[in-house]
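Please open the model in your viewer and keep the sequence panel visible. The tour below proceeds selection by selection.

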Amino acid sequence: MSPIFELRITMPYIQSSQDDISLTYFKKDFERYSWGSLRSDMIAGLAVSMLTLPQSLAYALVAGLPVSTGLYAAIFSAIVVAFFGSSRHLIVGPSNAIAILIQGGISNVLFTYYRNVTGAEQEELVLQILTQLMILVGIIQILAAFLKLGRLTHFVSHTVTIGYVSGVALALVITQLFPLLGMDVPAGVSSLYERSLYILTHLDTMHLPTALIGGVCFFFLLGLRRIDNKMPSGAIMLAIVAVLAYFLGYFYNFFQENDYQFLNWNQIEVWAKDIAVVGDTRGDGFIPKLGWPYFNPGILNNLLPVAFAIALLSVMEATSATKSIAASSGQHLSTNQEIFGLGMGNFFSSFIGAMPLSGSPSRSTINYESGAKSRLAAVFNSLYVCLLIVAFGFLIRHIPIAAFSALLIVSSGNIVNFKQLFMCLKATRSDAFVLVLTLLACLFLSLDIAFYIGVAMSISLYLKKAAIPQLVEFTVDESGVLHSIDQHNQHEPRKIRFIKVEGELFFGAADLFQNALKSITEDDTTTRVIILQLKNARDIDATACLALQQLYNYLKGSGRQLIGCGITHQIWDVLSDSGMVEIIGKNNLFIFDERFPHLSVQKAFLRAYDVLKTEVAKVAELPSSTSVRLPIVLQDESHSAI
């Protein structure tokens, strides 16, 4: 058995085994686990928790949700993903892109169906809508994993992802300017373009104390990053702000109770009461309460597009992070197992009221670089976050939301990879078009619609390229060698025309394939036989078979013959099942043999000469059987074998 044939048999098996879903995938990490590995995981988990805590709090605020929803996701749901996922280095939790989608999706539902609901009732309704959204996301991802649809993520080009992430970074800046400046988000203003215009035209409504706090935090963060870009500047800034806010509140209460009059305490109270802090956001504490997810069929149509976008985007972010790390760690990954882990985590989130989970490239990279040995590092990360909340929750409640807004605006620059952005703009016109279109859609439309537009355009451009099969014509010279024909000699009269077909022959390319062949033969009265070499044709379907049948009938109607050679076993099965073998005739179809790669072409030419001999009027023009030259070597113009 030839090595090539062995490879074709074993590759599907390998792919299938890697795509299988397992409930005990985590066992592989502990086959050679040691106390040293445990120590490494604990250190890595501590390092990651310094970034996980502020990001979880911040992204919950971006989504317009209580901070408890972000903490539940980072602590409890993340542990579920750690046990069911594929990568031993992946850290999951709330992400900026997902938070923006949630904010837009829930706001749209509230504006459409619950416009008159306000106050505590609206806050309760937001959490109920979140649980319904989460169960939809979880079910979509779990079904995708069991149906082994992980490969579908390959159809979302990297250009779309970069364009969308750039739009998310822009959305993050614009949406966070409202809490940074102490401005209320107006109802009915949804697109980024409208929001940016509103900010520019209503700067006089900003709350100066809030804007001052946000500005100081913003420049303080920039200073910390300038000193050392690797330090946890966000955690340091929030810790300092929390301590200052706590003690300022303590001294304010002390001086006011003891009637110290060296400051105008009434004026200070007026300024301070409008400064939003973390403690103002509604939540059920740091211990989640299990409950059945809310489900309202009336809002399903509005939530499904958002759920699909969140499910796909979280998978793409997670797989991108894991593949990047696996390139260095050498770990073999299962995309479907990773999707299953995310689905289980998001499904669990619907019962505790947590945010959607997504892979974090920054936290996962820190985890790997800190020496994580197994998925226990992700578990320790969650436990450390829980301990930090229990120990310092009383301080976190006093942090102004403007401080988180400053953190998010500064962090937005890290979301976009500008090198890859400029590469996409310069690579091809189609890449530049998709990127700019996705970015503009993010600016003028809702982010979920913008994501779908980018994906649809990317797939459309791919199908446009894939739907153009290449037809290369060859001729046999006196020495029996096939050479490709240049355009100048393409219309020379030949009784036998040999055409090599390359590329996709699925339904999108079938008509182009048929029309191209007809155009070759419609004005040609000399050609009696057309030989199609199909060795490099791919993905033949029913539409392509119908096109072949119509071409066969067209040639037969004008007294000409169609012959096929280089037919692989996969193509033969499709032709046989569709009835094309009986229509064209087994004696006109020749299967490709890897042991004798030129044999099917030689048989096709012999069959073509036999067809010509049967035309009594042309017998005198034919060479004798001893002078017939069959192709012995197949070459193109660059002398590479066909």
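Two strands are said to pair if DSSP finds at least two bridges between them. This term is needed for the first stop; please note also that the model is a predicted one.

Select residues 529-538, which form strand β6. Of the 10 residues in β6, 7 are buried, so that the strand is mostly covered. Next, add residues 496-504, strand β5: it runs parallel to β6, and 8 bridges join the two. To see one such position, display R497 of β5 and I530 of β6, which stand opposite each other.

Now add residues 561-567, strand β7, which pairs with β6 in the parallel sense over 5 bridges. Here L532 of β6 has G564 of β7 as its bridge partner. Follow the chain from β6 to β7: the path passes through helix α20, residues 542-557, and this β-α-β crossover is right-handed.

Move to helix α8, residues 208-227. At 1.5 Å a residue, its 20 residues should span 28 Å; the end C-alpha atoms lie 29 Å apart, which agrees. Which residues of α8 are buried? They are T210, A211, G214, C217, L221, L224 and R225. Because these residues cover an arc of only 155° around the axis, they lie on the same side of α8. The face turned away from that side carries the exposed residues L208, L212, V216, F219, R226 and I227.

Finally, colour the chain by pLDDT. The mean is 80, and 82% of the residues reach 70 or more. Residues 1-18 stay under 50, and residues 636-641 are also below 50.

Definitions and conventions: Residues are numbered from 1 along each chain as its sequence is written. This is a predicted model: local features need pLDDT of at least 70, side-chain atom pairs count only at pLDDT 80 or more; totals for chains, interfaces and linings use all residues. Side-chain values use heavy atoms; hydrogens and water are left out. Helices (H or I, at least four residues) and strands (E, at least two) are DSSP runs, numbered from the N terminus. The expected span of a helix is 1.5 Å times one less than its number of residues. Buried means under 20% relative accessible area, exposed over 50%, partly exposed in between (1.4 Å probe, protein chains only). The arc is that of the directions from the helix axis to the C-beta atoms. pLDDT is the predictor's confidence in each residue, from 0 to 100. Contact means heavy atoms within 4.5 Å. A crossover is right-handed if, with the strands pointing away from the viewer, the path from the first strand over the helix to the second runs clockwise.
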